[in-house]
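Good morning, everyone, and thank you for making the time. I would like to walk slowly through one structure today, so please keep the picture in front of you as I talk.

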Amino acid sequence: MRVVVNLNRCQGYAQCCFLAPESFKLIGDEALLYNPAPDDSMREKIERAAAACPVQAIAFESTDGYSHNATPQEEAHGHQA
Amino acid sequence: MVTRRDVLQHFLKNGRVAIVGASLAGLTAAEQMRAEGFAGHLTIIGDEPYEPYDRPPLSKQVLTGWVPANHTTLPHSYDLGDVDWRLGVAASELDIANRKIQLADGQAVDFDRVLLATGVRARPWPEAEEAALDGVCLLRTCDDAQRLWEHLEARPRRVLVIGAGFTGSEVASVCAEKGLPVTVTERSVSPLVSALGSKIGAVAAQIQRQHGVDLRCNTTVTALQGDKQGHLRCAHLSDGSVLDVDVAIIALGSIRNTEWLRSSGLAAGQLGITCDAGCRAFDINGIVTDDIFVAGDVSRFPHPLYGYQLMVLEHWGNAVEQAKIAAHNMVSESTSRRPYLVIPAFWSFQFGNNIKSVGLPPFADEVVVMQGSLEKERFIAAYGHKGRIVAAVSFNQGKWLPYYERQIAAAGPFPPDPPAYDTPTAFEITPAGFAKIPVPTTTPSIALTGYIPSEMRATYLDAPSTTLKNGAATRSQASFASERGQ
């Protein structure tokens with residue numbers, strides 16, 4: 001799988017770290033480090049992490065071509081408010 | 001009668017688009033064009049032999065050893081299976097009159113519209129013999145990251161980082177984390193000074209020293225010395241000291257990849273490729289072109305919030321957002337064009353600290369801590385210019401940045417109204433500490449030819465390019481070149 005996180009948008013809510021701890025790590029209070037190429041077996045966890053992200057900063061593509069986009073900024077801000 | 005709409009429809013169905021640069025901006029633009037209905041022929045040219053990959057992890061997850069260097073390929077958000085990928089071959093010439101891109105392998109690509117997204121490369125050490133020593137490394141590509149990781153795994157006696165911009169500081173952070181002795185030289189007064197100013201840069205200096213980095217500011221490297229086998233062995237510093245080092249990372253900023261456009265007739269040179277807010281390139285005379293677009297690190301564009309000054313932003317977010325605007329404008333009618341008016345933003349992760357910025361700090365004269373404190377290394381600083389807020393920087397307080405971003409977008413007052421959380425007892429406004437007289441990085445290389453007004457043209461002069469030895473990237477004379485944060 002391929003994963004990318006928009007770290008301008010990430011605010012360290014850490015939902016991804018709870019849902020897919022093998023792939024997402026929070027360093028300190030708010031700095032996110034992630035694995036950009038997790039194993040396919042991680043797909044369900046990554047999907048949950050991407051869906052749960054409050055600012056929708058996580059995008060991924062699985063080997064079978066399924067992709068999840070980070071939501072455009074305007075919409076993500078809407079959800080936040 | 002053929003209408004403009006007919007022409008556009010024909011282009012969307014049968015047109016030929018070429019994207020030069022197969023990295024974040026190039027990939028994003030390709031996806032955006034397909035998503036907006038461009039069904040014509042799409043060619044993506046890249047000089048690296050890899051699918052578009054993400055660079056920010058190279059100085060962090062890759063160097064620490066968590067992720068292999070070739071594992072940062074970017075996910076695709078749109079099926080690009082029908083794209084004609086030309087990877088591992090550089091574009092060598094742009095022929096605008098004949099709508100043709102010459103490739104280094106002798107082939108050519110025809111186009112109706114082209115996006116120039118060739119980005120930048122790491123500025124090499126200026127002494128070629130010293131640069132060729134085993135152990136002297138750059139960090140820009142995944143191959144660079146792989147090589148540097150191997151060197152660090154060999155447990156060098158000491159690592160020397162030349163230049164304390166974002167790349168240099170992040171490498172120093174990884175060395176400290178790995179328990180490797182590391183010296184950082186910086187020719188200015190503090191790390192990150194060109195991006196954040198010396199006031200906030202001093203906090204970065206304090207952080208480096210707390211983590212055991214031998215940080216030497218106002219210091220340059222005068223020579224790198226190897227042994228008979230060509231391995232780096234020691235470095236001579238301007239403070240007179242000689243350090244035994246096995247690895248040196250050259251982190252002196254970047255060079256824009258524009259040499260291949262020299263004969264194109266575009267306004268392309270050491271400062272970047274100049275374009276309008278709609279991402280259309282200017283020609284060398286300053287006339288905007290119709291079918292040549294620019295995006296990413298290589299573009300130099302005007303921004304209304306910052307006095308319409310032409311700026312270059314080597315940021316991850318800039319590559320993404322500008323590529324989307326350029327792509328939209330490439331497949332739209334002229335009446336539907338969008339301007340690129342984003343608030344600049346970047347992040348850097350070093351020594352366990354999350355540094356984030358919105359706006360353009362180098363545009364500011366003054367800075368004030370709005371929340372938290374410098375001593376605790378947990379704060380938000382607002383940057384001001386002539387009574388307006390123009391930027392904000394957070395150390396480990398990123399959640400508050402959107403509050404300041406809104407004020408920057410609204411050209412709000414400086415100092416801004418403080419939010420009711422964690423504010424200091426007094427707001428102390430101090431100089432931000434950016435160099436007042438920027439050091440020129442280039443000599444004028446354009447002259448006018450012709451005698452009567454209808455014949456006057458701008459033309460390149462062959463001038464020796466200046467190199468920057470022994471220092472960090474400087475603010476270039478006519479643009480705010482924000483040295484690579486992401």
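Let me begin in chain B of what is, I should say at once, a predicted model, with an open sheet of 6 strands in which the order is β3-β2-β1-β7-β21-β20 and the pairing is mixed. The edges of this sheet are taken by β3, residues 84-87, and β20, residues 280-282, and because each of them has a single partner strand, one side of each is left without a neighbour in the sheet. From one strand to the next, the twist averages 30 degrees.

If we stay for a moment at the β20 edge, we find that β20(B) pairs with β21(B), residues 288-294, in the antiparallel sense, and that this pairing runs over 2 bridges. One residue to look for here is B:F282, whose bridge partner in β21(B) is B:V288.

Which helices lie across strands of this sheet? Helix α2 of chain B, residues 24-35, lies across β1 (16-20), β2 (41-46) and β7 (113-116) of that chain, and runs at about 175 degrees to β2(B). Helix α8 of chain B, residues 316-330, lies across β1, β7 and β21 of chain B, and its direction makes an angle of about 135 degrees with β21(B).

Elsewhere in chain B there is a hairpin, formed by β4(B) and β5(B) with 4 residues between them, and in its turn B:R99 has a positive phi of about 50 degrees. The two strands, residues 91-95 for β4(B) and residues 100-103 for β5(B), pair in the antiparallel sense over 4 bridges, and B:A91 has B:L103 as its bridge partner in β5(B).

Turning now to chain A, we have 81 residues, of which 43% count as buried. Chain A holds 3 helices and 5 strands, and, read from the N terminus on, its elements run β-α-β-β-α-β-β-α. Of the contacts in chain A with a separation of 6 or more, 54% are between residues 24 or more positions apart.

Finally, how many residues of each chain are in contact with the other? The count is 24 residues of chain B and 22 residues of chain A. On the chain B side, β24 (345-350) and β25 (353-359) each supply at least two residues, and β24(B) gives the largest share, with 3 residues. By class, that side of chain B has 8 nonpolar, 12 polar and 4 charged residues.

Definitions and conventions: Residues numbered from 1 in each chain as written. Chains lettered and ligands numbered in written order. Predicted model: local features only at pLDDT ≥ 70, side-chain atom pairs only at ≥ 80, totals over all residues. Buried ≥ 20, exposed ≤ 12 C-beta atoms within 10 Å, placed from the backbone. Contact = placed C-beta atoms within 7 Å. Pairing = 2+ DSSP bridges. Axes fitted to C-alpha atoms, helices over the stretch in contact; angles between N-to-C directions. Nonpolar A, V, L, I, M, F, W, Y, C, P; charged D, E, K, R; others polar.
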